[in-house]
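Colleague: I would like a close look at a single part of this model. Please keep the account plain, and carry on to the surroundings where they help.

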Amino acid sequence: MPSTAISARAWPARWWHLSGPGLFFAAAYFLISMSPSLLPRTWYYQGVISGLCAAAGYGLGVLVAWVVRAVARLIELRVSVSRETEHFLRVALPILSAVAVVALTVSNVRSQGRTAEFLGLRPLRPVDWLGAIALAVALAVLLLGIARGLRRATHRLAEAAGQVLPRTLASIVAVIVVGTATLWVSDSVLFHRGMQAMAASAAQVNARQPAGRSAPTSVFVSGGPGSTQSYSSLGFQGQLFVTSVSRAVQIQAATGRPAKEPIRVYAGQGDDRTIEQVADAVVAELHRTRAFERSVLAVITTTGTGWVDDWSTKSIEYLAGGDSAVAAMQYSYVPSAVALLTDRETPREAGRVLFDKVHAEWSKLPEGRRPRLVVGGESLGSYGGHAAFADADDMLRRADGGVWVGTPTFTRIHAELTGARTPGSLEIAPVIEDGRHFRFATNAEELTHDYYGRDYGEWAFPRYVYAQHPSDPVVWWNPATLGAEPDWLREPRGRDVNPDVTWIPFVTFWQLTTDMAVGHDPADGLGHRYGAELVPAWGAVLGGEPDADYSRIIAGVQQAVHRAR
């Protein structure tokens, strides 16, 4: 009983005893986490990153210290220093550490300020940094407390199991039981409950009707007169899509040529429809509107919420003089970031099924009467849209071109093309066979030449454009960055990226993760905003010259996009 009482009294002291090596690594990772990334972070995202990194650094420091002590015991290594040296170290190390902390903090704050200047955004203020530090400390303490609690539970379970099992086996059993329970709670309770809450919130948004919008009156769009799809069934993003269709009078005003009323077809996910059924509904709408009689038929894969970028669709409509049809479908209503974490297969299935069904109907037409069949998608939509094709050659065989915007690097065909790039070309702007079919462009000017200004050769049809900014975190986010340095951080940085950005194990991944949340903060042409550069990209894909004067169409599309918001 006395020993138990002493143990109980001593327990709080042991609970909060902190490891010296753990604190050193925690401080190092905390400082490193403040280094710049592609986009300037908000104070709360900075706090989350710093808290995670500090906690991870502490764990790493504890592990390193344990390994060093174990090895030292194994080889019977003992290190001793004189009293004078010990006194010097006790005085000098804190002073040197304080100087390093101040210097690195000032350097990182200034460097993040340069990132903001690169992108024309406001850097964090001193009060923002204080808020970030406070949040980081709170999060790190919380995570450390949880880790300590789990360790305590493991020790107690091992002691209990040790009454009937050998000590080593009892420890193994305790680790397995506590580890399994922790994983179950983290996955089945915390993660899935969190995802369910986000999905429920997204479902409420999807059920709303966009403000200031009403059912279309045109027979050429889904949800309008004669449509097989009711306006309410299209979901929030589908309703935005069909009510934002360009008008012939707008197109004519921008091009100076007669124009047709464009076609836009869409089908919502619904609660009881499979991907196949939704795609069938889109094809039925294409037949109803006689879309296969238009000169251009575009199949666009949506993002997680069912969103389609109006810059892409309006570019197609204006460039084709309204003689176009754009088809899209909803396969989910959760944000793309949630979809990436919970379900990467559904976007691929949706992209594959919709294109296959449209292509099957298109193939039935006589070759001379087929519209130009093009494809496109942005971010998660681009990732899903690529699943319709086995490889780059299949893309050339089955479609007449396309524009892929902000494509994640883990998209298989994108990765294969990038891996086969001409030696000397950069990962941010790879050159593929001198731009014969595929051209990667960090801006509109690079449709005619590579990143260094060297002119491309002939651009044969079909033509494909990969629009990707060096500062777009959606493109460069990849779980592989947790432990491997990507080529784009080994090579010279892009023109819109702070040269101070560098790869840091574990840290870079979380920086890119939070960068995605602010990807739309910069102006068009930076981050995850492409805007006007999509007009010449689609112009080239649809048969125009990439360096033609698109200024009137850009002005018209820009005015229409802003009016539709």
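Which elements do the buried residues of α3 pack against?

Modeller: The model is a predicted one. In it, the buried residues of α3 pack against α2, α4 (83-119), α5 and α18 (507-517). The helix α3 itself has 33 residues. From its first C-alpha to its last, α3 reaches 47 Å, close to the 48 Å expected at 1.5 Å a residue.

The buried residues of α3 are Gln46, Gly47, Ile49, Ser50, Gly51, Cys53, Ala54, Gly57, Tyr58, Gly61, Ala65 and Ala72. Just after the helix comes Glu76, which takes a positive phi of about 55 degrees. For background, most residues other than glycine have a negative phi.

One of those buried residues, Tyr58, leads on to a pocket. The second largest pocket holds about 1200 Å³ of space. Its lining is made of 38 residues, and the closest to the centre are Tyr58, Leu144, Ala147, Arg148 and Arg151. At least two lining residues come from each of α2 (20-33), α3 (43-75), α5 (126-161) and α6 (167-207). Thus α3 packs against α2 and α5 through its buried residues, and α2, α3 and α5 each also supply residues to this lining. The largest share of the lining comes from α5, with 15 residues. Sorted by class, the lining has 25 nonpolar, eight polar and five charged residues.

The helix α6, which also supplies part of that lining, contains Asn206. Asn206 is buried, with a relative accessible area of 18%; the cut-off for buried is under 20%. Leaving aside residues up to four places away in sequence, Asn206 touches Gly235, Phe236, Gln330 and Tyr333.

The helix α18, against which buried residues of α3 pack, has a residue worth noting in the loop before it. Phe506 is found in the loop between α17 (487-490) and α18. Its phi is near 70 degrees, a positive value in a residue other than glycine. Phe506 is partly exposed, with a relative accessible area of 25%.

Two other loops have backbone features of this kind. Glu433 lies in the loop between α15 (412-419) and β6. Although Glu433 is not a glycine, it has a positive phi of about 50 degrees. Glu433 is exposed, with a relative accessible area of 61%. In the loop between β6 (438-441) and β7 (463-467) lies Pro462. A cis peptide bond joins Phe461 and Pro462, with omega about 0 degrees. In general, most peptide bonds are trans.

For a second helix to set beside α3, take α8. In α8 (residues 248-255), Ala248, Ile251, Ala254 and Thr255 are buried. These residues are on the same side of α8, because they cover an arc of only 130 degrees around the axis. An α-helix has 3.6 residues a turn, so residues three or four places apart point the same way. On the other side of α8, Val249 and Ala253 are exposed. The cover over the buried residues of α8 includes α10 (310-319) and α20 (551-564). After α8 comes Gly256, with a positive phi near 75 degrees.

The helix α20, part of that cover, has Ala548 in the loop between α19 (534-541) and α20. Ala548 is partly exposed, with a relative accessible area of 36%. Ala548 and Pro536 are twelve residues apart in sequence, and their C-alpha atoms are 7.7 Å apart in space.

Enclosed space is the last item. The model has six cavities of 30 Å³ or more. The largest cavity holds about 90 Å³ of space. It is lined by 13 residues, with Ile300, Asp309, Ser312, Gly377 and Glu378 nearest its centre. Two or more lining residues come from each of β2 (296-301), β4 (372-378) and β5 (401-405). Of the elements, β4 gives the most, with three residues. By class, the lining of the largest cavity has six nonpolar, five polar and two charged residues.

Methods. Residues are numbered from 1 along each chain as its sequence is written. This is a predicted model: local features need pLDDT of at least 70, side-chain atom pairs count only at pLDDT 80 or more; totals for chains, interfaces and linings use all residues. Side-chain values use heavy atoms; hydrogens and water are left out. On a 1 Å grid over the protein atoms alone, a cavity is a set of points where a 1.4 Å probe fits but cannot get out, and a pocket is an open set with protein on both sides within 12 Å along at least five of seven lines; lining residues have an atom within 4 Å of a point. Grid points are joined across faces, edges and corners, and a volume is the space filled by probe spheres set on the points. Helices (H or I, at least four residues) and strands (E, at least two) are DSSP runs, numbered from the N terminus. Ala, Val, Leu, Ile, Met, Phe, Trp, Tyr, Cys and Pro count as nonpolar, Asp, Glu, Lys and Arg as charged, and the others, Gly among them, as polar. Buried means under 20% relative accessible area, exposed over 50%, partly exposed in between (1.4 Å probe, protein chains only). The arc is that of the directions from the helix axis to the C-beta atoms. Contact means heavy atoms within 4.5 Å. The expected span of a helix is 1.5 Å times one less than its number of residues.
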